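Me: Hi! Could you walk me through this one? I'd like to go through it piece by piece.

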Number of protein chains: 2
Amino acid sequence: VASPRPERLSINTATLRKQWTLSDIISGCARRGIRMISPWRDQVAATGVKETARRLRDSGVGLSGYWSRGLFPGVDRQARRLALDDNRRAVDEALSLGAPCLALVVGGLARDPDGRTTSKDLAGAREMVRDGIGELLDYARPAGMTLAIEPMHPMYAAERSCVNTMAHANDLCDELAPGSNSGLGIAVDVYHVWWDPELRAQIERAGGHAGRLATYQLSDWLVPTTDLALDRGMMGDGVIELPLIRSWVEAAGYDGPHEVEIYSERNWWQRDPDEVLSFCIERHQSVC
Amino acid sequence: VASPRPERLSINTATLRKQWTLSDIISGCARRGIRMISPWRDQVAATGVKETARRLRDSGVGLSGYWSRGLFPGVDRQARRLALDDNRRAVDEALSLGAPCLALVVGGLARDPDGRTTSKDLAGAREMVRDGIGELLDYARPAGMTLAIEPMHPMYAAERSCVNTMAHANDLCDELAPGSNSGLGIAVDVYHVWWDPELRAQIERAGGHAGRLATYQLSDWLVPTTDLALDRGMMGDGVIELPLIRSWVEAAGYDGPHEVEIYSERNWWQRDPDEVLSFCIERHQSVC
């Protein structure tokens with residue numbers, strides 16, 4: 001398999017969040033010739049949307065996506081309304097920053113206002129996610145902002161996202177936004193989906209005419225993995241067949257960014273951030 | 001929903017493995033009126049198969065299943081042959097102990113002889129699992145021992161089992177043992193499958209005429225979960241809708257044992273084992 005084109009590389013800002021501010025990340029990427037980042041909303045909020053837009057413009061760095069914790073499920077109508085309002089603001093921010101899509105971590109089981117999981121109703125959470133995305137689409141589509149559903153690993157079903165397979169994400173797209181390029185897509189993160197025996201078929205379903213492959217994210221699954229959330233590996237250090245999955249998304253027509261997103265409390269968050277970027281650049285070429 | 005019949009309760013021996021020997025577990029369960037256990041193979045080996053059979057007989061405790069790490073994938077033909085030989089011995093032991101089924105943890109990616117994961121070939125591992133189960137069936141079926149495939153949570157795909165959904169387990173049954181009551185079934189553990197949006201449909205598919213629901217296991221998914229392997233919860237302490245899933249397996253015709261299997265380094269393995277059994281008995285009645 002040929003190496004990916006270097007200019008596809010994008011750095012999700014979670015990868016360097018412990019070492020650098022968003023401004024540092026933008027200038028650090030620009031120095032290394034990395035032309036795209038994919039920021040998390042809280043990191044943008046810390047810098048400010050306008051200031052972030054200015055720094056991106058000044059440094060010639062663009063966005064490959066904008067990441068938000070959508071968290072649609074809520075314990076009552078009021079909680080869901082607040083979540084929807086917040087999601088609409090995320091759409092506005094994504095527009096201000098010129099992001100090609102707003103990627104959604106849709107939320108798990110409903111939580112009370114203190115953040116405690118108080119519900120076991122998984123099917124109900126999934127309905128709230130469907131309804132919430134549908135309502136947000138009514139806002140995002142006329143504004144021209146594509147929403148991207150991220151199917152997350154089943155180990156996050158309770159706390160982060162109750163959409164846990166590509167098939168489920170495809171089903172949601174079929175239901176809420178049928179047809180091609182309908183303003184709703186899927187964020188494919190190899191970390192979340194590598195284990196799925198249906199992965200190839202569901203990537204094919206999302207690609208081609210459907211045009212749902214909104215973005216593609218890279219990291220690796222370590223053996224052993226010591227933490228459910230914060231022990232992702234650098235590409236090549238784990239067991240995910242990265243060239244194989246890339247061949248599937250490319251065969252499905254995807255030719256967009258490759259976002260590196262690594263949460264790593266014990267390793268990469270402890271390292272010099274310039275060294276982390278060097279690894280991202282080198283491994284993107286050598287093992288992805 | 002009506003409480004389950006108390007006599008369905010079975011204790012998987014992993015639940016008390018840190019506090020008690022297998023002999024202790026057998027006598028402890030007998031004292032509490034629990035008539036079934038489901039032992040892990042290594043715990044039986046520590047006591048000896050004959051001695052275990054004698055103690056079971058003397059105490060009037062039966063088996064609801066026998067659990068083995070089948071680990072079919074191997075780095076070469078020799079490794080797979082050794083694994084198959086070992087699996088055949090597990091069938092013999094299950095027969096000696098009068099177990100109704102041999103449940104298989106089928107293995108993840110192939111490992112070298114030192115136990116290191118040296119392969120990333122997930123599709124290849126799945127083929128080795130299919131072929132290995134097929135070969136073991138040729139041995140187990142004439143002997144009258146049902147094999148049960150356990151689909152395990154996707155977070156175990158690399159290290160423990162590359163069969164991660166009920167759909168995959170059903171597909172394997174269709175391919176290797178079509179027809180009803182064909183000697184190959186599925187072990188449904190709520191901990192592994194609760195998140196699956198296809199769960200109800202795949203339980204229906206496994207039940208009824210297919211007759212594949214070999215055993216049913218209980219524990220709970222804690223929020224938060226602090227360890228991938230050893231932080232399972234007591235039923236009722238987590239977020240799994242236990243009565244709902246039981247209603248599905250019962251609607252599919254299952255009326256067998258309810259095995260409690262809790263790996264819990266930080267809580268239940270630290271407690272007095274008699275207290276753990278009290279919780280198992282009470283929670284089985286009140287929340288399952």
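**Chatting through the two chains**

Reply: Happy to. This is a predicted model, and a good place to start is a strand pair in chain B: β1 (residues 9-12) and β9 (residues 258-260) pair in the parallel sense over three bridges.

Me: Which residue of β9(B) stands opposite B:Leu9?
Reply: B:His258 does.

Me: And what is the strand order in the whole sheet of chain B?
Reply: The order is β3-β2-β1-β9-β8-β7-β6-β5-β4, with nine strands in an open sheet and parallel pairing. At the edges of chain B stand β3 (62-63) and β4, each with a single partner strand, so one side of each has no neighbour in the sheet.

Me: Let's look at β4 of chain B, then. How many bridges join it to β5(B)?
Reply: Four bridges join β4 (residues 66-69) to β5(B), and the two strands run parallel. Within that pairing, B:Trp67 has B:Ala103 as its bridge partner.

Me: How many residues of β5 in chain B are buried?
Reply: Five of the five are buried, so this strand (residues 101-105) is largely enclosed by the rest of the structure.

Me: Which of its side chains point which way?
Reply: B:Cys101, B:Ala103 and B:Val105 point one way, while B:Leu102 and B:Leu104 point the other way, and all are buried. In a regular strand, side chains alternate between the two faces of the sheet.

Me: Switching chains: what does the sheet of chain A look like?
Reply: Chain A has an open sheet of nine strands in the order β3-β2-β1-β9-β8-β7-β6-β5-β4, with parallel pairing. Its edge strands are β3 (62-63) and β4 (66-69), each pairing on one side only. Helix α6 (residues 166-176) of chain A packs on the sheet and touches β6 (146-149) and β7 (184-189); the direction of α6 makes about 170° with that of β7(A).

Me: How many bridges join β1 and β9 in chain A?
Reply: Three bridges join β1 (residues 9-12) of chain A to β9 (residues 258-260), and the strands run parallel. There, A:Ile11 stands opposite A:Val260.

Me: How many helices and strands does chain A come to?
Reply: Ten helices and nine strands.

Me: What about the overall dimensions of chain A?
Reply: The C-alpha trace spans about 45 × 40 × 40 Å along its principal axes. A compact globule of 288 residues would have a radius of gyration near 19 Å, and chain A agrees with that at 18 Å. Of its 288 residues, 58% count as buried. Among contacts in chain A with a separation of 6 or more, 78% are between residues 24 or more positions apart.

Me: Now the interface. How many residues of chain A are in contact with chain B?
Reply: 33 residues of chain A are in contact with 33 residues of chain B. The area buried between the two chains is about 2600 Å², and carbon and sulfur atoms give 66% of that.

Me: Which three residues of chain A supply more of its buried area than any other three?
Reply: A:Lys120, A:Trp195 and A:Leu228, which supply 23% of the area that chain A buries against chain B.

Me: Back to chain B. Is B:Met235 buried or exposed?
Reply: B:Met235 is buried, with a relative accessible area of 0%. Its place is the loop between β8 (213-218) and α9 (242-251) of chain B. Beyond its neighbours within four places in sequence, the contacts of B:Met235 include B:Leu218, B:Val260, B:Cys280 and B:Val287. The C-alpha atoms of B:Met235 and B:Val287 are separated by 6.8 Å, though the two are 52 residues apart along the chain.

Me: Any unusual backbone spots?
Reply: Most residues other than glycine have a negative phi, and most peptide bonds are trans. The bond from B:Val223 to B:Pro224 is cis, with omega near -5°, and in chain A the bond from A:Val223 to A:Pro224 is cis, with omega near -5°. A:Asn181 has a positive phi, near 45°.

Me: Where is A:Asn181 found?
Reply: In the loop between α6 and β7 of chain A. A:Asn181 is exposed, with a relative accessible area of 62%.

Me: And what is phi of B:Leu71?
Reply: Phi of B:Leu71 is near 45°, a positive value. B:Leu71 lies in the loop between β4 and α4 (77-96) of chain B and is partly exposed, with a relative accessible area of 35%.

Methods:
Residues numbered from 1 in each chain as written. Chains lettered and ligands numbered in written order. Predicted model: local features only at pLDDT ≥ 70, side-chain atom pairs only at ≥ 80, totals over all residues. Heavy atoms only, no water. Pairing = 2+ DSSP bridges. Contact = heavy atoms within 4.5 Å. Axes fitted to C-alpha atoms, helices over the stretch in contact; angles between N-to-C directions. Rg over C-alpha atoms; globule rule 2.2 N^0.38 Å. Buried < 20%, exposed > 50% of the residue type's maximum accessible area, 1.4 Å probe, protein only. Buried area = accessible area lost by both parts, 1.4 Å probe.
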